[in-house]
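This report describes a single protein chain, proceeding from its helices to its side-chain contacts and backbone exceptions.

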Amino acid sequence: MAMRVLNMALRRQLAAQVTRCPQIGSVASVHTLDKIGKREIVGYGWNGTACYADRVDYPMPAVRFREPNNEINNLRQKEKGDWKKLSLDEKKALYRASFCQTFAELQAPTGEWKKHLGVGFIFTAMAIWIAILMNLFVYDELPITFDDEHKKAQLKRMIDLEMNPVTGLASKWDYQNNKWKN
C-alpha cells in the first residue's frame, strides 16, 4: 500500500515537471534546455529529441552546432538578404555555426578498422597460445584407442554389427564380396 502511494506521488511530480518543460515536436523533454544552452532549436530532430548529432542518414539536427555570438548574429542578418553579397568565408562560417562536419568529412575513412583488426589479431594470438599451453600442460596423451590398429578394429566391428545399414557406414560395405561398394 505504501509503495502504491509513493508511486502515485512520483507520477504526479513527474507529470507536473513534464507540463512545465518545453516540447520539441511531440516529445516532452525534461532536461533538453540544460543540455543545449543558448543554441537555437531549428527542427524536430532525430526521434524528436533536441540534440546535435552529425549523421549521414539524418542530415538535419534539431539544434545548431554553436551558440550564437555577435559575429554569427551579424552573418544571419546578412544572410536574410542577397546571398551573392556573402563571401565564401562568410558562407562557410554560417555553415560551421549550424553544422560541425561536412558530408565529405562525415564519410571520410577514419582508419578505425585498423584498431579492430589489431584487437582481433591479439585475441586470436592469445587463443592460439592458450590452446598450445593447454595441450602441453593440461591434457594427457591421447588414449590407445586412437592408434591406427585400434581404429581399424573399430571399423571392422561396426561393419560386422551392421551399424546403420540404411545410410551409414554399413550401407557402403558389400557383405557378399567383403569389400567396399563402388
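Helix H7 covers residues 148-160, a run of 13 residues. Its first and last C-alpha atoms are 18 Å apart, close to the 18 Å expected at 1.5 Å a residue, where the expected span is 1.5 Å times one less than the number of residues. Helices (H or I, at least four residues) and strands (E, at least two) are DSSP runs numbered from the N terminus. Just after H7, Glu162 adopts a positive phi of about 50°.

The model is predicted: local features need pLDDT of at least 70 and side-chain atom pairs count only at pLDDT 80 or more, whereas totals for chains, interfaces and linings use all residues. Residues are numbered from 1 along each chain as its sequence is written, and side-chain values use heavy atoms, with hydrogens and water left out.

**Overall organisation**

The protein contains 7 helices and 4 strands, arranged from the N terminus as α-β-β-α-α-α-α-α-α-β-β. Of its 182 residues, 16% are buried; buried means under 20% relative accessible area, exposed over 50%, and partly exposed in between (1.4 Å probe, protein chains only). Among contacts with a separation of 6 or more, 32% join residues 24 or more positions apart, a contact being heavy atoms within 4.5 Å.

An unreviewed UniProt entry places the feature "transmembrane region" at residues 117-139. UniProt positions are given in the numbering used here, feature names are shortened, and annotations may be inferred rather than shown by experiment. In the model, residues 117-139 are 91% helix and 0% strand, and the C-alpha atoms at the two ends of this segment lie 31 Å apart.

**Salt bridges**

Side chains of opposite charge can pair when their charged atoms come close. With a salt bridge defined as a side-chain nitrogen of Lys or Arg within 4 Å of a carboxyl oxygen of Asp or Glu, a search of the whole structure yields 5. Three of them are tabulated here, including the N to O distance of each.

| Basic residue | Acidic residue | N to O distance |
|---|---|---|
| Arg64 | Glu40 | 2.9 Å |
| Arg55 | Asp57 | 2.6 Å |
| Arg96 | Glu105 | 2.9 Å |

Arg64 and Glu40 form a salt bridge at 2.9 Å. Both residues lie in the loop between helix H2 (32-36) and helix H3 (70-79), so their pairing ties together parts that are 24 residues apart in sequence. Arg64 is buried at 18% relative accessibility, while Glu40 is partly exposed at 38%.

In the pair of Arg55 and Asp57, the arginine is partly exposed at 23% relative accessibility and the aspartate is exposed at 58%. Arg55 also has a second partner, since its charged end sits over the ring of Trp46, 3.8 Å from the ring centre. A charge sits over a ring if NZ of Lys or CZ of Arg is within 6 Å of the ring centre and within 35 degrees of the ring normal.

For the remaining tabulated pair, Glu105 is partly exposed with a relative accessible area of 36%, and Arg96 is partly exposed at 28%.

**Aromatic pairs**

Rings of Phe, Tyr and Trp (its six-membered ring) pair if their centres lie within 6.5 Å; planes under 30 degrees apart count as stacked, over 60 as edge-to-face and the rest as tilted. By this rule there are 3 aromatic pairs. One of them joins Tyr52 and Phe65, whose ring centres are 5.2 Å apart and whose planes meet at 55°, so the pair is tilted. Both residues belong to the loop between H2 and H3, so the pair ties together parts that are 13 residues apart in sequence. Tyr52 is buried at 18%, whereas Phe65 is partly exposed at 27%.

Tyr95 and Phe99 also form a tilted pair, with 5.0 Å centre to centre and 35° between the planes. Here Tyr95 is partly exposed at 30% relative accessibility and Phe99 is buried at 18%.

**Positive phi angles**

Most residues other than glycine have a negative phi, and most peptide bonds are trans. Glu162, not a glycine, has a positive phi of about 50°. Glu162 lies in the loop between H7 and strand E3 (173-174) and is partly exposed at 44%. Asn178, likewise not a glycine, has a positive phi of about 55°. This asparagine lies in the loop between E3 and strand E4 (179-180) and is exposed at 55% relative accessibility.
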